[in-house]
Amino acid sequence: MSVSTQLPQIVPSSECFRCDVCCRFPEADSFLRPYFTEREIAAALARGVAPERFPDAAGSQVRVVAHPQGDGYLCPAFDPVTAHCQIYDARPLDCQLYPFALMWNASKDRVLLGWDAKCPFMRDAVPADVQAHAERVAAVVMTHVTSATIARHPRLIGPFQDDVVIIRELPELTARLVRRPVDARLQPLTVADAPRYARALVDSGWLAGEPLAAHAFAYHYLWTTLLPYWWMEQDRTLYLFAQSPDGFFLACPPIGAGPLVQRVREAFALMRGWNRSSAVSRIENVSETQKDELVRAGFRCGAKPPDYVYDAAALAELKGDGYKSQRALCNRVVREHAVTIDSYRASDREACAVLYERWAVQKRRSGLDRMGLLLLEDAEAAHRLACFEGALLGLEGTVARVDGEVHAYTFGYWLTPQVFCVVIEVGDRSMPGLAQLLFRATCRRVVERGGTRINAMDDAGLPGLREAKQAYRPVALVNNWVVTEG
């Protein structure tokens, strides 16, 4: 595993060269010594670090060397004369993270991301730029590849330290590393589970007609940045649970070919046992057809905002008076700026991260209500995950560049061969028409691939977003329901 291009350092090199903290240790067995995985050990050996520095080739903390000019010990890859790391381009994840640190909370039941106050660059409080960078780091750490590596090497997560400033929890890592006594059948959701989910979805028959965007694997996996997701499978039925602070709920109806009502009753029986007196037990993202069957069986249903579905060809062309406003905005941005539309590339990650921060500031200044602010806060890590791990999820990204710089991006996935779901959209709000131009370009690509429908998901109950989605003249609203016991 190499993530050197994914974790740029926030501390300036000039600060690091003057520092007398990093890479130095007071004791030979200091728990702060960097941990190397098996691949990182091989990379270090190839760059000249002696094999005896690693007591276990399968993964270990490095054996430090005595400081030649003073007390204490040094990492064997560190040159105290130049203050340079001799394996910097292949340094382990443990070092790439610093001054961020992975550690357990005091009760060792949650994994945390923190900022080590021993770093001289640390200030009295965590500033906004550090918080933003922490979200980028968290997105990398919680990708499937990196989190799986950490799960194989749990010593990468250190013990609780009072002088580490806690920035956020890492639920994906917690889900992988903490054995939950609630039910041994539950497994943490990972990217590797996508084929299993896809098979169950085909068996269910849900993709006929107008399916909900939330019936796709990618939709749920993006939100593992916010909540732990768990799955279990029995009687050829897959149950996908999300774990909130109040308890477990089913993120979508039981997936498979079995009898729906029976499976739903079994799901509620499980949740009653796990959640005890909590009222959180429910089933999200229930379709209209499923709702009707469950109502007849005595379950209660409440409406959620519907998905907005559009004719892809109409949005690709934007012809007629109904699209006059959107067409004018597209023409304006092309007239005022040199815009190019490209497929998203891994090299766009950092540019998209910077754009997200600018866009989020613009959104906050626009006067979002409390719900809008909470949704914006929750979305950031999902955006990071899409940028870092989108290809593994089947996400397709598109970016709009203005004078070569990324000023808008979007991600989506194919729900069916005809329906493309747009799940993420970000556009520089200082350039009117850029978001509309990128959306039109996305629709054109869908039509070129044989798609006929665009599912733009729901409006989250936000009036401004509802107005914007309605302005594009949806051809269908796909109703979405929440089911509770009667």
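The following exchange concerns helices and nonpolar cores in a predicted model.

Biologist: Why is His383 called buried?

Modeller: The relative accessible area of His383 is 7%, and buried means under 20%; therefore His383 counts as buried. The residue lies in helix α14.

Biologist: Which residues does His383 touch, leaving aside residues up to four places away in sequence?

Modeller: With that exclusion, His383 is in contact with Tyr356, Tyr409, Ile424 and Val426.

Biologist: What does α14 give to the largest nonpolar core?

Modeller: Helix α14 supplies 7 residues, the most of any element. That core has 52 residues, and those touching the most other members are Leu240, Leu395, Tyr409, Phe411 and Tyr413. Elements that each supply at least two residues include α13 (349-365), β13 (237-244) and β20 (405-414).

Biologist: Which residues does Leu240 touch?

Modeller: Not counting residues up to four places away in sequence, the contacts of Leu240 include Tyr197, His220, Trp230, Trp231 and Phe249. Another core, of 30 residues, lies apart from the largest one; among its members are Ala134, Met142, Leu156 and Leu173.

Biologist: How do you know that the span of helix α4 agrees with expectation?

Modeller: Helix α4 covers residues 128-141, and its 14 residues should span 20 Å at 1.5 Å a residue. The end C-alpha atoms are 20 Å apart, so the two values agree.

Biologist: What makes α4 mostly covered?

Modeller: Of its 14 residues, 11 are buried. Among the buried residues of α4 are Val130, His133, Ala134, Glu135, Arg136 and Val141.

Key:
Residues are numbered from 1 along each chain as its sequence is written. This is a predicted model: local features need pLDDT of at least 70, side-chain atom pairs count only at pLDDT 80 or more; totals for chains, interfaces and linings use all residues. Side-chain values use heavy atoms; hydrogens and water are left out. A nonpolar core is a set of buried Ala, Val, Leu, Ile, Met, Phe, Trp, Tyr and Cys residues joined through side-chain atoms within 4.5 Å. Buried means under 20% relative accessible area, exposed over 50%, partly exposed in between (1.4 Å probe, protein chains only). Helices (H or I, at least four residues) and strands (E, at least two) are DSSP runs, numbered from the N terminus. Contact means heavy atoms within 4.5 Å. The expected span of a helix is 1.5 Å times one less than its number of residues.
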